[in-house]
Amino acid sequence: MRTISYLLIGIVFGITMYKSEAASWFRIYEMFKFESFHMYGIIGSALVIGIVMVQLIKRIPIKSFYGETIKFYPKEKSFSRYMIGGIIFGLGWALAGACPGPMFTLVGAGYVPILVLILASIVGTFLYGLIKDKLPH
Amino acid sequence: MNWIYEPWPWYVSGPMIALIMFLLLMVGKNFGMSSNLRTLCTICGAGNKVNFFRFDWKSQKWNLIVVLGAIIGGFIASTLLTNDASVDINPNTIADLQELGFESAGKAYLPTELFALDAMTNIKSLSVLIIGGLLVGFGTRYAGGCTSGHAISGLSNLQLPSLIAVIGFFIGGLVMIHIIFPLIF
């Protein structure tokens, strides 16, 4: 049952990424050129609703569908890892035009070369794990 | 019924993303896609060499199922819900891109110069995908999250670290598009 729910949520996510054009390289380029409101509208409206939602969930003792308490995990405090890591991610996001969610959506949409990108991003994650202890965090 | 083939406007797409985050919370999970890349490393055996990948990947199986769904969703959306996949970007953006050599701007969903099958025999296109992927994979784990984990989940929970990461995403993206693109394309 839970497996089905994860799968269905994933399907809705995939459809949303494709139909919103957030999975389009062109939309990412246009966003960084500040030539359209589209991507800002998507992220901004998701965020406004998200903030209200999270605050409400924290105040109302709501349980998950399976009766568990809903947990939020605060991110550990740091500046350098978020700033440096974020810049590296941003460089790749703009170059490849896809982030770790939409890149899988594009596999389903039939773009074979995206597999090269996914493979490279797995290798990139591995390289991070390899030298992580030598990096400022 | 033609509306079904149209791209979704931002005011449909954004609330849908919030709904997806809500549904994941309601099944006891947190929205974040990039951790799957770490899980995939572990499945490939990276835990034998590097401590960072030594964890029980089965605890992350749920997120891989979300990924499987995202693939299926991409298939459904592109085949059943779309007639004309071309992305209607700003005419100024199209002009800019054509000047950089992206002739497919305004005519396709992804630039054919990078994502068509025959682009794979082009060293430059292949390099863009490989370098882009390496940066995404490395940076997202270094920053502890990507667009979903930081820009949506983290910022929704008013996390300062996520704000720093998102500012970083934008610095990186702006440098790439405005400074590096004119040099490489």
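Here are a few notes on chain A of this predicted model and on the nonpolar core it shares in.

1. Start with the overall build. Chain A has 6 helices and 0 strands. Read from the N terminus, its elements simply go α-α-α-α-α-α, so don't spend time hunting for a sheet there, since the strand count is 0 by the DSSP runs used here.

2. Now for dimensions. The C-alpha trace of chain A spans about 45 × 40 × 35 Å along its principal axes. Of its 137 residues, 58% count as buried.

3. How do the helices talk across the sequence? Take the contacts in chain A between residues at least 6 apart in sequence: 43% of them join residues at least 24 apart.

4. Have a look at the largest nonpolar core, which holds 97 residues. The two that touch the most other members are A:W25 and B:F31, one from each of chains A and B. Helix α4 of chain A (residues 80–96) gives this core its largest share, 9 residues.

5. A:W25 deserves a click in your viewer. Leaving aside neighbours within four places in sequence, A:W25 is in contact with A:A94, A:L95, A:A96 and A:G97 in chain A. On the chain B side, its contacts include B:L97, B:F102, B:Y109, B:L110 and B:P111, and also B:L114, B:F115 and B:F181.

6. Finally, the surface and the charges. Chain A exposes about 5800 Å², with carbon and sulfur atoms supplying 71% of that. Chain A carries 13 positive and 6 negative side chains, and the centres of the two sets lie 9 Å apart.

Conventions
Residues numbered from 1 in each chain as written. Chains lettered and ligands numbered in written order. Predicted model: local features only at pLDDT ≥ 70, side-chain atom pairs only at ≥ 80, totals over all residues. Heavy atoms only, no water. Core = buried A, V, L, I, M, F, W, Y, C linked by side-chain atoms within 4.5 Å. Buried < 20%, exposed > 50% of the residue type's maximum accessible area, 1.4 Å probe, protein only. Helix = DSSP H or I, 4+ residues; strand = E, 2+ residues; numbered from the N terminus. Contact = heavy atoms within 4.5 Å. Areas by Shrake-Rupley, 256 points an atom, 1.4 Å probe, with all protein chains shown as cover. Lys, Arg positive; Asp, Glu negative; His and termini not counted. Charge placed at Lys NZ, Arg CZ, Asp CG, Glu CD.
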